[in-house]
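Student: Please take me through one small part of this predicted model in detail. I would like to start at a loop and follow the chain onward from there.

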Amino acid sequence: VIILAVMGALCVNGCQTGAFGEEMKTEETAYMKISAEDAKEIMDSTDNFVLIDVREEDEYASGHIAGALLIPYGEIKERAETELTDKEQTILVYCRSGRRSAIAAKTLTELGYTDVRDFGGIIDWDYDIETD
């Protein structure tokens, strides 16, 4: 019973809801999981963000959100420090379905980025996309 009470307290203290979505939090990481609508609202209301597409080059070429920087999720650790120099800037991350963006968002928070927001997959994006 004591173990269950402690686990319940940890779960309550470790999970919070933010202004734009649910904060995914563990001891090591914290990032926001937001909807595509919330991401669009951020993109329309400010210029102080960077949009990261973490799919592969061929996926990006077949259709991506305008202004997205391609950094495949497997390259985030190696490229983040040089390409994402402001660790406090809002970073919006997406992939195809949400799996890779969650991995990339977790990786970015582990690298010290403080405002990472994962809005899942481009398959849920109801707005314009562009192709190369």
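Tutor: A side-chain polar atom of Asp-86 sits 2.9 Å from the backbone nitrogen of Glu-88. Asp-86 belongs to the loop that links helix H4 (76–83) to strand E6 (90–95). How accessible is Asp-86? Its relative accessibility is 38%, so Asp-86 is classed as partly exposed; the buried class ends at 20% and the exposed class starts over 50%. Thr-114 is 28 residues away from Asp-86 in sequence, yet the C-alpha to C-alpha distance is 9.6 Å.

Now move on to E6. Here the picture is one of burial: six of the six residues of E6 are buried, so the rest of the structure largely encloses this strand. Side chains in a regular strand alternate between the two faces of the sheet. In E6, Thr-90, Leu-92 and Tyr-94 point one way. Ile-91, Val-93 and Cys-95 point the other way. Both sets are buried.

Which strands pair with E6? One is E4 (residues 49–53), which runs parallel to E6 and is joined to it by five bridges. Within that pairing, Leu-92 of E6 stands opposite Leu-51. Another is E7 (residues 116–121), also parallel, with four bridges to E6. There, Val-93 has Asp-118 of E7 as its bridge partner. To get from E6 to E7, the chain passes through helix H5 (residues 99–110), making a right-handed β-α-β crossover.

Conventions. Residues numbered from 1 in each chain as written. Predicted model: local features only at pLDDT ≥ 70, side-chain atom pairs only at ≥ 80, totals over all residues. Heavy atoms only, no water. Helix = DSSP H or I, 4+ residues; strand = E, 2+ residues; numbered from the N terminus. Buried < 20%, exposed > 50% of the residue type's maximum accessible area, 1.4 Å probe, protein only. Polar contact = N/O pair within 3.5 Å; in protein donor to acceptor, adjacent residues only side chain to side chain. Pairing = 2+ DSSP bridges. Right-handed = clockwise from strand over helix to strand, strands pointing away.
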